[in-house]
Every structure is written in C-alpha cells, then in structure tokens.
Amino acid sequence: MIALVTILAWVVVGATIDLWTPYDPVALAGRRLQPPSAAHWLGTDALGRDVLVRTLYGVRFSLPVAVGVLVTAVAIGCFLGALAGYFGGVLDGALMRLADVTLSFPPMLLAMAIAASLGPGLLNAGLAMVIVWWPIYARLMRGQVLSVRSLEHVDAAVAMGASSPRILVRHVLPLCWTPILINATVDISQVVLLVAGLSFIGLGARPPTPEWGQMIAEGATNFYNWWIAAGPGLAILSLSLAFSFIGDSLRDLLDPRSR
C-alpha cells in the first residue's frame, strides 16, 4: 500500500504541478548554487533554478517514457513470442535467434549504442530501450504459450475445428498474462533507471529539460554542492522501489506457488 500511494502521489504531482509550483523549472529562481533553505528546500543549481521544482517536474518525463517503453516492448514481444510459441517451425527459430542475439548484449551497452546511432533525445532513447526490452517478453510469452498449448482444452478446441487465430486468442493467451504482468511491473523500475542512465551520459533528455538523469549529470559537475543531485536521486529511488514492491505484491497475489 505504501508503494501504491507513492506511485499515485508521483502521478498526481506530474498532473497538477503547474497549478501550485512557485517557480518555473527552467527559469531563474534565486542565487546560483544556493544551499537548501526555507525559500528553496533543495537549493538551487548552477544556473539558479530551484532543484525541488525541477525534480518534481522530472516525473513528467521519466515516468511516461518508462511506461511507454514498457507497453511498446510488451506489445511487440508478446505478439512475436505468441506467434513463435504457437506455430513453431522456421518462424520460431528465426524469432528466437533474433531475440538471443539481442539478449547477448548487456542492456545498457546495447541501448547506448542504439541511442548514440539515432542521436540524443528522449524519443530516440525510448526507441533504443524498446529494442533492448522486447526480446525479454518474446521469450517469456513463448514459454507460456508452449506450456498452455498442450493442455486439454486447447486439444478440444482443435478437435472442434476452431481456427488457429481463434485458439490462440480465446484459449491460449488468456492463461499467459500473469507472469507478463508481474514481470512488466518490476521492469518499470529498471526502465526508469535506464532512462536516467542514458540522460546522464548525454544520450537522453537535452538541457534544460528537467529530467532526473540529466539533473544528476549536472550535479556530478558540481560534486560538493550535494543538493543538486540529491533530489533527482531520491526521486529515482522512491519510484523504482515502489514499482519493485508492487511487482512483488502482484506475484504473491497472482501466483499461488509463491505463497
């Protein structure tokens, strides 16, 4: 429940911050490199912008990008994985070898290479992460389809003359979504970290965008002004832990074997 409240709080902040924030996230708010005070709870950065306001605005970039990347990767991966698992043969071999090649690279390294080739920007960083993430769900869905395809109710549907698309959609896929949902919930935290990592090395959001990874990169250049990176760092920590806890709770709720 604490994790759920944390996520909902970040969503509300992202949706309503324009209505109550005292400062513009990209405009001068005070003296540069001002430490935390009553006027600026997390101080100001090297350009005099309020760090707390920029941190709160950052959820508008990090969370939608992470959710969009994961939804796209899950949709592509599950579609291809379902086809590979149900029809098998050459299609299965080709798709799984492509997934194996992609998974053979460390996710951060592959995302960096793709984002660097596409150019900096949140959209290109998102495309890079989709390419990195879809094979995970393709293999997971393939395994689920293979296990469900051999069940008796599927054999009965085949014997009754149902078409392959109908069997796949009506009798196989409804029994495959539980591990996908659990894994996707946990993976959001990993995607948030990867978004921040790409922005930190200059392959994600561009200045002056108040994105958490880019803000931490600014803090790294002003190491002794600790407050510049503290706000976005704590924001990433809170959101990542919240989604991880939600994923663990869903696993306990939906998987009887884990009880």
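1. A good place to start is Arg 54, which forms a salt bridge with Asp 45, their closest N and O atoms being 3.8 Å apart; the term covers a side-chain nitrogen of Lys or Arg within 4 Å of a carboxyl oxygen of Asp or Glu. Both Arg 54 and Asp 45 are buried, meaning under 20% relative accessible area, with exposed over 50% and partly exposed in between (1.4 Å probe, protein chains only).

2. A word on the source: this is a predicted model, where local features need pLDDT of at least 70, side-chain atom pairs count only at pLDDT 80 or more, and totals for chains, interfaces and linings use all residues. Residues are numbered from 1 along each chain as its sequence is written, and side-chain values use heavy atoms, leaving out hydrogens and water.

3. You can follow the charges further, as Asp 45, Arg 49, Arg 54 and Glu 218 are linked in a network of salt bridges. Across the whole structure, a search finds ten salt bridges.

4. Next, look at Asp 92 and Arg 142, whose side chains meet in a salt bridge (2.7 Å, N to O). Asp 92 lies in helix α3 (residues 89-103) and Arg 142 in helix α5, so the pair ties together parts that are 50 residues apart in sequence. Helices here are DSSP runs (H or I, at least four residues), numbered from the N terminus. Asp 92 counts as buried, at 13% relative accessibility.

5. Helix α3 also holds Arg 97 and Asp 100, three residues apart, about one turn of the helix. Their side chains meet in a salt bridge of 2.9 Å, N to O. Arg 97 counts as partly exposed because its relative accessibility is 47%, and Asp 100 is partly exposed at 30% relative accessible area.

Methods
Helices (H or I, at least four residues) and strands (E, at least two) are DSSP runs, numbered from the N terminus.
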